[in-house]
Amino acid sequence: MMIPKKYGAALFALLLSGLMSALVSGISTLRATGMVHAFAQIWLYSWLSAWLFAFPVVLLVAPLARRAVQALVRGN
């Protein structure tokens, strides 16, 4: 199943925000709780909460970041 190209930016934001929020919330949860019995449940709740904020932020910030990179990178 292929996704139409017009949804590429939203898919990129979804994947990037999901992976980054999973990584950061996992590290933060591990540091805060240690490897407790309910670690996976605590981390999953933290991750989903973080992803709810991360996805729209990435959608809003990615175009600004792209423009900033274009302004800072020298062309050939």
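These legends walk through a set of close-ups of one predicted model.

**Figure 1. The whole chain: two helices and no strands.** The protein has two helices and zero strands, and its radius of gyration comes out at 16 Å, well over the 11 Å that the globule rule gives for 76 residues, so the chain is more spread out than a compact globule. Along the principal axes, the C-alpha atoms fill a box of roughly 55 × 35 × 20 Å. Just 16% of the 76 residues count as buried. The protein exposes about 6,400 Å², and carbon and sulfur atoms supply 74% of that area. Take the contacts with a separation of 6 or more: residues 24 or more positions apart account for 56% of them.

**Figure 2. Helix α1, end to end, and its buried residues.** Helix α1 covers residues 8-33. At 1.5 Å a residue, its 26 residues should span 38 Å, and the end C-alpha atoms sit 37 Å apart, which agrees. The buried residues of α1 are Ala13, Ser17, Gly18, Ser21, Ala22, Ser25, Gly26 and Thr29. Part of what covers these buried residues is α2, residues 39-72. Just after α1 comes glycine 34, with a positive phi of about 75°.

**Figure 3. Serine 25 and its polar partners.** Serine 25 belongs to helix α1. Its relative accessibility is 8%, under the 20% cut-off, so serine 25 counts as buried. Where do its polar atoms go? One partner is in the backbone: the oxygen of alanine 22 lies 3.3 Å from a polar atom of the serine 25 side chain. The other is a side chain, since a polar contact of 3.2 Å joins serine 25 to tryptophan 43. If you skip the neighbours within four places in sequence, serine 25 is in contact with Trp43, Ser46 and Trp47. Tryptophan 43 and tryptophan 47 both lie in helix α2.

**Figure 4. Threonine 29, another buried residue of α1.** Threonine 29 also has its place in helix α1. At 7% relative accessibility, threonine 29 counts as buried. Which residues does threonine 29 touch, not counting those up to four places away in sequence? The list is Gly34, Phe39, Ile42, Trp43 and Ser46. Glycine 34 is the residue with the positive phi just after α1. Trp43 and Ser46 appear among the contacts of serine 25 and among those of threonine 29.

**Figure 5. A tryptophan cluster along helix α2.** The structure holds two aromatic pairs. Tryptophan 43 and tryptophan 47 make a stacked pair, with 5.5 Å centre to centre and 5° between the planes. These two residues are four apart in helix α2, about one turn of the helix. Tryptophan 47 counts as buried at 17% relative accessibility. The rings of tryptophan 47 and tryptophan 51 have centres 5.1 Å apart and planes at 15°, so this pair is stacked too. Tryptophan 47 and tryptophan 51 are likewise separated by about one helical turn, being four residues apart in α2. Put together, ring pairs link Trp43, Trp47 and Trp51 into a cluster. How buried or exposed are the flanking rings? Tryptophan 43 is partly exposed, with a relative accessible area of 24%, and tryptophan 51 is partly exposed with a value of 24%.

**Figure 6. Valine 61 and alanine 13, far apart in sequence.** Valine 61 lies in helix α2, and alanine 13 is one of the buried residues of α1. How many residues separate valine 61 and alanine 13 in sequence? They are 48 residues apart along the chain, with their C-alpha atoms 9.8 Å apart in space. Valine 61 is partly exposed, at a relative accessible area of 41%.

**Figure 7. Proline 63 and alanine 9, another pair across the sequence.** Proline 63 has its place in helix α2. From proline 63 to alanine 9 the C-alpha distance is 9.6 Å, although the two are 54 residues apart in sequence. Proline 63 is partly exposed, with a relative accessible area of 30%.

Definitions and conventions
Residues are numbered from 1 along each chain as its sequence is written. This is a predicted model: local features need pLDDT of at least 70, side-chain atom pairs count only at pLDDT 80 or more; totals for chains, interfaces and linings use all residues. Side-chain values use heavy atoms; hydrogens and water are left out. Buried means under 20% relative accessible area, exposed over 50%, partly exposed in between (1.4 Å probe, protein chains only). A polar contact is a pair of N or O atoms within 3.5 Å; within protein, one must be able to donate a hydrogen and the other to accept it, and residues adjacent in sequence count only if both atoms are side-chain atoms. Contact means heavy atoms within 4.5 Å. The radius of gyration is taken over C-alpha atoms; the globule rule is 2.2 Å times the number of residues to the power 0.38. Accessible areas come from the Shrake-Rupley method with a 1.4 Å probe; for residues, only the protein chains shown count as cover. The expected span of a helix is 1.5 Å times one less than its number of residues. Rings of Phe, Tyr and Trp (its six-membered ring) pair if their centres lie within 6.5 Å; planes under 30 degrees apart count as stacked, over 60 as edge-to-face and the rest as tilted.
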